[in-house]
Amino acid sequence: MTHPVPWEFSIDVGGTFTDCIARSPDGELRPIKVLSSGVTKGQIEDRQGTNRLVDPLRKHDAPDFWLGYDIRFLDEQGETILASKVAAFHQRLGVIEVTTLLPDSIEPGTRYELSAGEEAPILAIRTALGLRRDQPIPNVNVRLGTTRGTNALLTRRGARTIFVTTKGFADVLLIANQDRPRLFDLDIVKPEPLFADVLEIDERLDSDGRVLRTPNAADVRRQLQSLNRQDSLAICLLHSFANSSHEQLVERIARELGFTEISVSSRLAPLIKIVSRGDTTVMDAYLNPILRDYVGRLKTQWGVGSGEWGALPDSPLPTPHSP
């Protein structure tokens, strides 16, 4: 028995626009472009009666597509004149009927915005399939790329991150590798670190991974208990590329205590140099909660557990599925 091939969506969420390439089960490619805000904008060409507006551009949308959407009418400054809901959508005529009476100030040329509070990828998928907001999305495959991680990094709005490292190496990422792009500058201005604080673990491995000092589990637990469970942990111990047991111990205790966002260097980037390994681990811990929260909102708005989600190569998000 052969199973039908599901729709496939490759979606790139940018700062302004979200681009989507939909591939139908028979191989047809369909490009979709929406605003990354999830809002659809339009302009009234004409009015019919007291609660109907005409926009010829809406003739390209699916029948009844906008039924139940919120609609805002805007003045020249972009301020809301009136907020209402779509009571009916007549696709053949490009007519939107709203639930409230339209004042005289809403006339031809007035701009409006349609929104259901859904993220742009959901809107793009609904647009491609012609599904109303009350219709469930069927089983589809989705590959998602987003600039949200880049934006969070540039604006310094990532998760509050704690750098967990070997005792005596709290400043290893601040010292870094001493690269100086401007060799003769006397006043070296460094960017603020991504991590908010450092937790030092009393442990030590040699470069071959042999144990020189075993961490005391009770001490590690007491140290982690002093932290906020909402903190994101970046665990990067000295020489853990050769022996990951100490990092695994710290991770296990952290999870027992209720920490959910934990990045472990020996699993994420088992590099010999601790600076490179630490920078990568901190970056992962700093951005992963932002991206995970975004994907979580998408899956919640999806409303079902079916479908396959994946990260495009430019996204640092390793879950829920990496191709």
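The paragraphs below walk through this predicted model, from its nonpolar cores to a helix and then to a loop aspartate.

In soluble globular proteins, nonpolar side chains tend to be buried together. Here the largest nonpolar core comprises 40 residues, and those with the most contacts inside it are F9, I71, F73 and I96. Helix α1, spanning residues 120-129, supplies the largest share of this core, namely six residues. A second core, separate from that one, has 18 residues, among them V164, I201, L249 and F259. Returning to F73, and leaving aside residues up to four places away in sequence, its contacts include I44, L53, I81, L82, V98, L102 and I106, and they also include E79, T80, T110, R111 and Y112.

L249, one of the residues of the second core, also belongs to helix α5, where H246, E247, L249, V250, E251, I253 and A254 are buried. This helix covers residues 245-256, and its 12 residues reach 17 Å from the first C-alpha to the last, close to the 16 Å expected at 1.5 Å a residue. After α5 comes G258, whose phi is positive, near 105°.

The last stop is D206, which is found in the loop between β14 (204-205) and β15 (211-213). D206 counts as buried because its relative accessibility, 14%, is under the 20% cut-off. The side chain of D206 reaches the backbone nitrogen of R210 at 2.8 Å, and a polar atom of that side chain also lies 2.9 Å from the backbone nitrogen of D208. Not counting residues up to four places away in sequence, D206 touches L212 and H239.

Technical notes: Residues numbered from 1 in each chain as written. Predicted model: local features only at pLDDT ≥ 70, side-chain atom pairs only at ≥ 80, totals over all residues. Heavy atoms only, no water. Helix = DSSP H or I, 4+ residues; strand = E, 2+ residues; numbered from the N terminus. Buried < 20%, exposed > 50% of the residue type's maximum accessible area, 1.4 Å probe, protein only. Polar contact = N/O pair within 3.5 Å; in protein donor to acceptor, adjacent residues only side chain to side chain. Contact = heavy atoms within 4.5 Å. Expected span 1.5 Å × (residues − 1). Core = buried A, V, L, I, M, F, W, Y, C linked by side-chain atoms within 4.5 Å.
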